[in-house]
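The exercises below concern a two-chain model. Please examine the sequence and the coordinates before working through each solution.

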Amino acid sequence: MENSRFPKIWLIDAITIIVTIATFTPLVLPQNRSYPFIVGIPYTMWVGFLVSILFVALAYVLSILRKKNTNDH
Amino acid sequence: MITSFTLAGLVYVAILIILIRKTRLKEKTTSSYLLAGGNIGFVIGLFTTAATLFSAFTVVGMPDFFRTHGIGAWIFLAVSDTMMIYGLIRVGEMVRRKARKMDFKGMAGLMANTYGSKLAGYVAFASKVLLFS
């Protein structure tokens, strides 16, 4: 069971690390630019919303994998 | 305004009483007291962490932080906190795995067990009290 579980966790970890690094690049924090707006919300703000939602989703997936692991033992 | 506050307060207290009665444990152990049984799940864990993080700083300090730093403050507030929740679950799993092998309760127990001295546990406990008070 361990073998099938670990690649999944490392995949989630890899996505998390990539998203973390991307958050602090001009991809999320472009200098002197606030467009495109979505319902009046500037770019960094709504991308920030998306990133937070993504992290919550990643944490949820991680907790599911962790629970599976707990039940396996 | 006061009526709305009173109503909201009463509803809140009623929900708390119902939940307390519903979740009351007959058998109390160190694990259930210190670690909520050792498994609180994702949703409760998320809200517990949020309640810990969203302190007076969030209410008073964050508006000023937004005023000074603009929307970049959102990255500091929400994004870094959600990142931290991921990290907590990830590191927590490793600590839990260790806990199963070593049988300890809480971080002070881990320190006492790792260093083989009760003093290490007391230092960890005291530092936590000082940090969060």
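Five exercises follow, each with a worked solution.

The model is predicted, so local features are given only at pLDDT of at least 70 and side-chain atom pairs only at pLDDT 80 or more, while totals for chains, interfaces and linings use all residues. Residues are numbered from 1 along each chain as its sequence is written, and chains are lettered from A and ligands numbered from 1 in the order in which they are written.

**Exercise 1. Describe the confidence and the secondary structure of the two chains.**

Step 1. The predictor assigns the complex an ipTM of 0.77 and a pTM of 0.67. For chain B the mean pLDDT is 80, with 87% of its residues at 70 or more; pLDDT is the predictor's confidence in each residue, on a scale from 0 to 100.

Step 2. Helices (H or I, at least four residues) and strands (E, at least two) are taken as DSSP runs and numbered from the N terminus. Chain A has 2 helices and 0 strands, and chain B has 7 helices and 0 strands.

Step 3. Among the elements of chain B, the lowest mean pLDDT, 64, belongs to helix H2 (residues 30-35), and the highest, 89, to H1(B).

Step 4. A residue counts as buried if 20 or more other C-beta atoms lie within 10 Å of its own, as exposed if 12 or fewer do, and as partly exposed in between, with C-beta atoms placed from the backbone. Of the 73 residues of chain A, 14% are buried; of the 133 residues of chain B, 10% are.

**Exercise 2. Check the length of helix H1 of chain B and state how far it is covered.**

Step 1. The expected span of a helix is 1.5 Å times one less than its number of residues. For the 22 residues of H1(B) (residues 2-23) this gives 32 Å, and the end C-alpha atoms are 31 Å apart, which agrees.

Step 2. H1(B) is hardly covered, since the count of buried residues among its 22 residues is 0.

**Exercise 3. Characterise the contact between the chains and the nonpolar core.**

Step 1. Two residues are in contact if their C-beta atoms, placed from the backbone, lie within 7 Å. By this criterion chain A contributes 18 residues to the contact and chain B contributes 14 residues.

Step 2. On the side of chain A that touches chain B, helices H1 (2-23) and H2 (43-72) of chain A each supply at least two residues. H2(A) gives the most, with 13 residues.

Step 3. Nonpolar residues are Ala, Val, Leu, Ile, Met, Phe, Trp, Tyr, Cys and Pro; charged ones are Asp, Glu, Lys and Arg; the others, Gly among them, are polar. This side of chain A has 10 nonpolar, 7 polar and 1 charged residues.

Step 4. A nonpolar core is a set of buried Ala, Val, Leu, Ile, Met, Phe, Trp, Tyr and Cys residues joined through C-beta atoms within 7 Å. The largest has 14 residues, and those with the most contacts inside it include A:Phe55, A:Leu62, B:Val79 and B:Ile89. H2 of chain A and H5 of chain B are the elements that give two or more residues to this core, and H5(B) gives the most, with 8 residues.

Step 5. Leaving aside neighbours within four places in sequence, B:Val79 is in contact with A:Thr23, A:Gly48, A:Val51, A:Ser52, A:Phe55 and B:Trp74. A:Ser63, in helix H2 of chain A, is buried, with 20 other C-beta atoms within 10 Å. With residues up to four places away in sequence left out, A:Ser63 touches B:Phe42 and B:Ile89.

**Exercise 4. Describe the packing of helices H4 and H5 of chain B.**

Step 1. Axes are lines fitted to C-alpha atoms, for helices over the stretch in contact, and angles run from 0 to 180 degrees between N-to-C directions. H4 (residues 56-69) and H5 (residues 72-102) of chain B pack at about 145°, with their axes 7 Å apart.

Step 2. H4(B) contributes B:Met62, B:Phe65, B:Phe66 and B:His69, and H5(B) contributes B:Gly72, B:Ala73 and B:Leu77. By class, this contact has 5 nonpolar, 2 polar and no charged residues.

**Exercise 5. Identify the unusual backbone geometry in the loop between H1 and H2 of chain A.**

Step 1. Most residues other than glycine have a negative phi, and most peptide bonds are trans.

Step 2. A cis peptide bond, with omega about 0°, joins A:Tyr35 and A:Pro36; A:Pro36 is placed in this loop.

Step 3. A:Asn32, also in the loop, has a positive phi of about 50° although it is not a glycine. A:Asn32 is exposed, with 4 other C-beta atoms within 10 Å.

Step 4. A:Val39 lies in the loop as well and has a positive phi of about 40°, again without being a glycine. A:Val39 is exposed, with 5 other C-beta atoms within 10 Å.
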